[in-house]
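Please work through the exercises below with the sequence and the structure at hand.

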Amino acid sequence: MKKAIGIDLGTTNSVVAFKDTSVKILRNKEGDELTRSCVGFKDEIIVGKVAYQLLGRDPINTIRSVKRLMGSTLKDKAVIDLMNSGHYKYGITSYNDGTDDAVAVVLGGKQYRPEQISAKILKKLKDDAEEKLGDEVTHAVITVPAYFTERQKNATLKAAEIAGLKVQKLLAEPTAAAIAYGVDNLKPGDATTVMIYDFGGGTFDLSILTIVDGEYIAAGTGGDRWLGGDDIDRKLQALILNKVAQEYSINDISKLIQKLPEKRRYQFEGQILFQTEAAKIQLSSTNSASVTIDSILEDENGDIIDIDISITRQEFEKIVKPFVERSIELIETLLKEVGYDIGMLDKILLVGGTSCIPLVKQMLSERYGAEKIKISEKPMLAVAEGAAILSHRLDDSYERSPDDSTAIGEISYSASHNYYIEVADDNVMRKERIIEKLTPLPAKTSKTFKTTTNNQKVVKVALFSDPEKGDFGMQALGYYLIKENLPIQSELVFDFQLDTNEILTVNVYPKGKRNQEMQIILGRGNIDHKALDIIDTLINKSTREFRTADGEEEFVNFVTKKITEIEKEGVANISDNKWHEVFYTTTEKYDEIKSTENRTPKAEKAIFRAKRLLMEFGELLDQFDKGAMIELIKQIETTTEDEEKNQLVDLLIEKYEQYGVLNVTLQIESYAERILEIPGTTIGSTSKQADYDRLIRLYNDAKIKFKSGSFDNGKELVNQAFTIIEKYDQWL
Ligand code: ADP
Ligand code: MG
């Protein structure tokens with residue numbers, strides 16, 4: 001029989017558990033309960049502890065905390081924070097096919113998507129579990145943080161798919177922990193409210209759940225995404241280095257480390273990192289621990305320093321105390337946020353590796369009373385155990401569809417359902433919540449919206465997630481095609497369904513015509529999203545920029561054809577290649593229509609350029625030329641005789657071309673705009689946006705220089721601008 005397991009796919013560590021008669025942790029091939037969520041490269045890709053140890057040799061090719069990058073773009077705060085943290089040496093870039101703003105990491109000189117890296121971890125967990133169980137592992141419950149967005153969850157599903165695992169359910173980590181602690185063991189109608197305090201390696205996650213009749217209702221989440229055991233390690237490491245400096249009378253020990261040849265420095269940094277963490281873990285059960293590093297560090301005279309330092313529990317607790325205090329502050333903040341009194345919590349469940357530190361339990365007990373605190377012997381295993389318990393419950397229902405409520409047993413995770421759709425009221429855009437808070441899953445809701453033009457063919461559906469400080473993040477984007485001609489203000493019915501993984505699907509049909517119902521294919525963060533996004537941008541631009549209704553119609557028809565093709569292939573079957581094709585052909589089509597349209601008669605072009613010159617630089621033109629140009633434009637516009645018109649146009653061109661540098665200056669603006677339209681965020685090493693900004697600045701400054709009479713300075717700025725524009729030669 002094929003097996004199903006529970007997986008805690010953690011930021012720092014991953015854990016696999018399996019339940020038959022009881023729950024067991026499945027150790028990996030190295031014999032450990034925890035598998036480092038780390039992927040490295042040495043001739044080939046390696047995963048786990050061996051990869052982690054590579055930090056001491058090749059930190060550039062050691063990828064940690066990839067979970068923080070899942071389903072993200074380079075613009076996301078979490079990614080920017082990670083890059084700015086200075087703790088990670090591996091490369092993070094935009095994916096170099098240039099079609100998408102998703103993040104890529106670099107390993108062994110090759111780019112990978114976060115989900116591909118995550119898949120390597122899952123694959124190792126699967127392989128090791130199969131060896132342990134002596135059987136094929138086909139299914140898993142995988143846990144994700146309660147705050148994961150739709151995109152992040154989709155990326156996790158994708159990782160599982162790459163690793164060859166069918167996901168029975170994505171389970172929220174706090175729910176998993178609550179299951180493991182058995183707090184869901186209640187009489188019908190009884191309710192309990194718990195706080196899950198998950199202190200891990202890189203994050204501190206808080207969450208409040210009320211459990212009643214097999215439902216887990218989330219009241220709120222909190223914590224700090226940048227607080228964890230790693231921070232304690234860094235403080236402890238500073239203490240250790242301080243002690244070394246004192247013992248050997250070293251003035252500036254970090255300078256000594258920086259001076260080491262690169263290979264030795266990596267070795268030293270790796271050693272101190274590994275040993276500090278080991279000492280910290282030891283101090284959870286002993287009264288002192290030591291760190292010894294021989295034959296790596298040298299003093300100013302080149303003499304070897306052998307490090308042998310011991311740390312007492314007391315010294316260690318002095319370091320830890322502020323971290324626990326901070327965690328208590330965050331508990332209080334969350335309670336205040338959801339309007340709960342501590343008395344409303346039945347228990348605080350301690351989860352995560354850092355909760356192993358005895359001072360954590362001690363301080364929490366002092367603050368909230370010992371009877372309120374619940375901690376298992378190994379709190380870092382709880383999440384995987386909960387996942388295994390659920391996996392076992394779902395075990396006999398492989399064949400059922402994942403959003404069939406009976407397949408979920410009594411577990412359904414009800415959260416705040418922070419999904420919003422953007423709708424227009426009298427042309428004012430606003431966001432409307434799709435599914436009410438605390439609705440049990442799976443949930444369905446129907447909404448009716450009206451078409452905004454006669455014979456509208458395309459309806460855009462944009463889904464947004466939780467507004468964080470007023471910013472809505474777009475999670476998914478798709479289109480519904482209207483097959484017939486409907487008058488303006490016709491009603492369309494939108495059916496929204498949120499499955500138990502909190503993944504949303506949308507079906508649409510014209511009111512009263514259910515037979516035209518279509519599931520919308522939603523792009524969610526990768527090339528799918530980008531392809532739909534470019535369609536969106538270009539449709540908007542086409543209505544603004546195309547001069548003829550024919551051009552607009554041709555473009556909309558083309559887009560309609562592409563979306564129909566996508567619909568035909570079906571959500572599950574569309575390959576990335578198909579999305580790439582959609583992306584490129586749509587862009588090409590747009591350019592083609594635009595350039596056909598732009599084959600404007602010579603006269604129109606000349607008038608346009610002359611008018612621009614008059615408008616922008618009128619005061620710089622010779623009075624006589626200015627008058628002549630205005631007169632010529634008037635004559636061209638009124639002349640009907642072709643021959644005469646042509647002569648007048650040539651005269652006009654001759655007039656304005658005298659002002660060569662001013663005309664060239666005016667081109668900077670339109671070049672800048674075209675650069676922004678090139679697919680991809682970076683070209684070479686600079687970002688297009690930065691180049692755009694620079695060009696617009698140069699353009700404005702040059703105009704000012706010319707107008708104030710500093711012609712040479714103005715020309716210099718124009719030259720600088722064209723040096724930037726030249727980089728984009730092949731695209732413009
Ligand atoms: P994740 O962030 O992946 O959820 P874990 O829950 O496994 O990670 O927590 C990892 C952190 O817990 C690391 O910082 C690790 O050093 C720390 N840790 C693990 N065991 C102990 C222990 N016995 N005492 C103190 N810290 C520990
Ligand atoms: Mg964890």
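The exercises concern a ligand site, a salt bridge and a surface patch.

This is a predicted model, in which local features need pLDDT of at least 70, side-chain atom pairs count only at pLDDT 80 or more, and totals for chains, interfaces and linings use all residues. Residues are numbered from 1 along each chain as its sequence is written, ligands are numbered from 1 in the order in which they are written, and side-chain values use heavy atoms, without hydrogens and water.

**Exercise 1.** Describe the surroundings of ligand 1.

*Solution.*
- Step 1: 19 residues surround ligand 1 (a heavy atom within 4 Å), and T12, N13, E277, K280 and S284 are the closest.
- Step 2: Consider polar contacts, pairs of N or O atoms within 3.5 Å. An oxygen atom of ligand 1 lies 2.7 Å from a backbone N or O atom of T12, and one lies 2.8 Å from a side-chain N or O atom of N13.
- Step 3: For a backbone N or O atom of G201, the distance to an oxygen atom of ligand 1 is 2.9 Å.
- Step 4: Of the 580 Å² of accessible area (Shrake-Rupley method, 1.4 Å probe) that ligand 1 has on its own, the protein covers 92%.

**Exercise 2.** Explain which parts the salt bridge between D128 and K29 ties together.

*Solution.*
- Step 1: In a salt bridge, a side-chain nitrogen of Lys or Arg is within 4 Å of a carboxyl oxygen of Asp or Glu; the count comes to 43.
- Step 2: D128 and K29 meet at 3.2 Å, N to O.
- Step 3: D128 lies in helix 3 (residues 114-133; a DSSP run of H or I, at least four residues). K29 is in the loop between strand 3 (23-25) and strand 4 (35-36), strands being E runs of at least two residues. The pair therefore ties together parts 99 residues apart in sequence.

**Exercise 3.** Identify the residues of the negative surface patch.

*Solution.*
- Step 1: Patch residues have over 30% relative accessible area and no salt bridge, with like charges joined within 9 Å.
- Step 2: E247, D294, D306 and D308 form the patch; E247 is placed in helix 6 (residues 229-247).

Terms used
Patches are made of residues with over 30% relative accessible area and no salt bridge: like charges are joined within 9 Å, nonpolar side chains (Val, Leu, Ile, Met, Phe, Trp, Tyr) within 5 Å. Lys and Arg count as positive and Asp and Glu as negative; His and the chain ends are not counted. The place of a charge is taken as NZ of Lys, CZ of Arg, CG of Asp or CD of Glu. A polar contact is a pair of N or O atoms within 3.5 Å; within protein, one must be able to donate a hydrogen and the other to accept it, and residues adjacent in sequence count only if both atoms are side-chain atoms.
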